[in-house]
Amino acid sequence: MQLRDLLRQGAARLGSAGVPSPEVDARELLLSALHLTPTALLTRAHEPVGADGQARYAALLDRRAAREPLQHILGEVEWGGVRLRSDPRALVPRPETEWLLHLLLPGVQSRPRPRVLDVGTGTGALALGMKAACPGAAVTATDLSPGALALARENATLNGLDVTWVQADLLAGVTGPFDLIVSNPPYLPDGDRAHADPEVQRDPDMALYSGPDGLTLARRLAAQAPAALAAGGELWLELDPRNAATLADELRADGWDAQLHADLTGRERFVQARRAGGPG
């Protein structure tokens, strides 16, 4: 069977299994199974694939058709300028959070030795992305999950980056001050559990859901943050577009200057906050 026919069959298989992006996923799995580059896939599309290669591809398709996340099957992802191992110990790093990194970097890079705290680091994506882009930053990252922290440490070693890792419930036991506190906390309302995609159901519950409106953890973090922020420091949060504006309003009522930023689809997802009256 030729490469192009194998790819076409793989996409059809994943489509019939309800995978949201069957063509893209089938292509990524084929590249992985046959150890091909994207260019080789294009230039060798008419070449036949041997039985061993077909079997490897079929095994990967079986896993994806069972709705195992693509990133778990591939094992690693390129994200925000770093390589990240991805497995069930933490949420799969998502494009929305990569855009948050993009929004953060100008402020971080404008300081000579910024002190940064990533709360609920998961795979370590934000902490490692900031450290890679700003080597002079002193980056600390926390997570309540020992498994997530172990994965984050593995990713730090993989990228040769030095980050301080702390097992903590939000800011408990973490000493500041920090110029930036950033978090992509659990932000989905509890009611979303009943309608979650199969891939999402494989993620740790504690990393996804946060009370009736999805803001329980974010509110706790915002209450703790002023004591850990340096003068002029900022708090950045990634939330759900359904509740980001609600938290921004609550922060303003509590004495913060808060503004919303949109993701790449135009939905207001990110909250940037500084204590009112602080230096700019």
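Let me begin in the middle of the sheet, where strand β7, residues 229–238, and strand β9 pair in the antiparallel sense over four bridges, two strands being counted as paired if DSSP finds at least two bridges between them. Within this pairing, L237 of β7 stands opposite V271 in β9. The names of the elements follow DSSP runs, numbered from the N terminus, with helices being H or I runs of at least four residues and strands being E runs of at least two.

Before going on, I should say that this is a predicted model, in which local features need pLDDT of at least 70 and side-chain atom pairs count only at pLDDT 80 or more, while totals for chains, interfaces and linings use all residues. Residues are numbered from 1 along each chain as its sequence is written, and side-chain values use heavy atoms, with hydrogens and water left out.

Now to the sheet as a whole. Seven strands form an open sheet with mixed pairing, and their order is β5-β4-β3-β6-β7-β9-β8. The edge strands, each of which pairs on one side only, are β5 (164–167) and β8 (256–262). From one strand to the next the twist averages 20°; for angles like this one, axes are lines fitted to C-alpha atoms, for helices over the stretch in contact, and the angles run from 0 to 180 degrees between N-to-C directions. Helix α8, residues 146–159, packs on the sheet and touches β4 (138–143) and β5, where contact means heavy atoms within 4.5 Å. The direction of α8 makes about 175° with that of β5.

At the β8 edge, seven bridges join β8 to strand β9, residues 268–275, and these two strands run antiparallel. W256 stands opposite R275 in β9, and the bridge partner of D257 in β9 is R274. The hairpin of β8 and β9 has five residues between the strands, and in this hairpin G266 takes a positive phi near 90°.

Which residues of α10 and α11 make the contact between these two helices? Helix α10 (residues 216–228) and helix α11 (residues 244–253) pack at an angle of about 25°, with their axes 11 Å apart. They are therefore roughly parallel to each other, given that angles under 35 degrees count as roughly parallel, over 145 as roughly antiparallel, 65 to 115 as roughly perpendicular and the rest as oblique. The contact itself is made by A218, R219 and A222 of α10 together with T246, L247, E250 and L251 of α11. These residues divide into four nonpolar, one polar and two charged, where Ala, Val, Leu, Ile, Met, Phe, Trp, Tyr, Cys and Pro count as nonpolar, Asp, Glu, Lys and Arg as charged, and the others, Gly among them, as polar.

Let us move to the N-terminal helices. UniProt, in an unreviewed entry, places the feature "domain: Release factor glutamine methyltransferase N-terminal" at residues 5–75; UniProt positions are given in the numbering used here, feature names are shortened, and annotations may be inferred rather than shown by experiment. Over residues 5–75 the chain is 72% helix and 0% strand, and the end C-alpha atoms are 25 Å apart.

The axes of helix α1 (residues 3–16) and α2 come within 8 Å and cross at roughly 130°, and α1 and α2 are therefore oblique to each other. In this contact L3, L6, L7, G10, A11, L14 and G15 in α1 meet P22, E23, D25, A26, R27, L29, L30 and L34 in α2, and the residues divide into ten nonpolar, two polar and three charged.

Helix α2 (residues 22–34) also approaches helix α4 (residues 51–65), their axes coming within 9 Å and crossing at roughly 140°, which makes α2 oblique to α4. On the α2 side, the residues that meet α4 include D25, A26 and L29, and on the α4 side they include G53, R56 and Y57. This contact divides into eight nonpolar, two polar and three charged residues.

I will finish with two details of the backbone. H35, which is found in the loop between α2 and α3 (38–43), has a phi near 55°, a positive value in a residue other than glycine. The peptide bond from G176 to P177 is cis, with omega near 0°, and P177 is found in the loop between β5 and β6 (178–183).
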